[in-house]
Amino acid sequence: QAQLVESGGGLVQPGGSLRLSCVVSGFNVNEYAIGWFRQTPGKEYEGVSVIRAFAQITEYADSVKGRFTISRDNRKNTVYLQMNNLKPEDTASYHCAASPAPSSQWYLYERYTYWGQGLQVTVSS
């Protein structure tokens with residue numbers, strides 16, 4: 001049974017950092033594209049970043065380029081999202097998700113099959 005569990009969220013001041021973890025079970029994390037999405041109340045999911053299957057190819061939303069870094073540890077079956085220089089507009093519920101099929105449209109919610117429950121990231125002074 002496929003399962004994704006996020007951790008590492010919380011409250012941080014502007015300019016601070018957080019590292020989110022997405023621990024995967026039920027399948028090999030290297031064999032799926034793993035994406036991070038975020039959502040704020042009343043808005044649709046926004047694709048934040050993805051790491052491609054079988055490669056260290058990464059993509060980022062323009063709003064987080066240069067601040068966020070996605071990485072994968074195959075031994076731990078875990079994907080990370082390092083978030084630096086956080087801004088109040090980064091406040092959202094963050095979710096990791098897995099897609100078995102390659103797609104240039106990595107930022108689309110419907111491309112992903114398995115989802116974690118999500119966690120809250122709040123950037124505020």
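## Nonpolar cores

A nonpolar core is a set of buried Ala, Val, Leu, Ile, Met, Phe, Trp, Tyr and Cys residues joined through side-chain atoms within 4.5 Å. In this predicted model, the largest such core comprises 29 residues. Within this core, Trp36, Phe68, Leu81, Met83 and Tyr94 have the most contacts. Two or more residues are contributed to the core by each of the strands β3 (18-25), β4 (33-39), β5 (46-51), β7 (68-73), β8 (78-83), β9 (92-99) and β11 (119-123). A second core, separate from the largest, has six residues, among them Ala33, Phe37, Val50 and Ala97.

## Surroundings of Phe68

When neighbours within four places in sequence are set aside, Phe68 is in contact with Arg38, Val48, Tyr60, Leu81, Gln82, Met83, Asn84, Leu86, Asp90 and Tyr94. Of these partners, Leu81, Met83 and Tyr94 are also listed with Phe68 among the residues with the most contacts inside the largest core.

## Strand β1

In a regular strand the side chains alternate between the two faces of the sheet. Strand β1 (residues 3-7) shows this alternation: Leu4 and Glu6 point to one face and are buried, whereas Gln3, Val5 and Ser7 point to the other and are not buried.

Strands β1 and β3 run antiparallel and are joined by five bridges. Glu6 has Cys22 of β3 as its bridge partner.

## Internal cavity

A search of the whole structure yields one cavity of 30 Å³ or more. The largest cavity holds about 50 Å³ of space. Its lining consists of Ala33, Arg52, Ser99, Ala101, Pro102, Ser103, Trp106, Arg111 and Tyr112. By class, five of the lining residues are nonpolar, two are polar and two are charged. Ala33 belongs both to this lining and to the second core.

Terms used. Residues numbered from 1 in each chain as written. Predicted model: local features only at pLDDT ≥ 70, side-chain atom pairs only at ≥ 80, totals over all residues. Heavy atoms only, no water. Buried < 20%, exposed > 50% of the residue type's maximum accessible area, 1.4 Å probe, protein only. Helix = DSSP H or I, 4+ residues; strand = E, 2+ residues; numbered from the N terminus. Contact = heavy atoms within 4.5 Å. 1 Å grid on protein atoms, 1.4 Å probe; cavity = no way out; pocket = protein on both sides within 12 Å on 5 of 7 lines; lining within 4 Å. Points joined across faces, edges and corners; volume = space filled by probe spheres on them. Nonpolar A, V, L, I, M, F, W, Y, C, P; charged D, E, K, R; others polar. Pairing = 2+ DSSP bridges.
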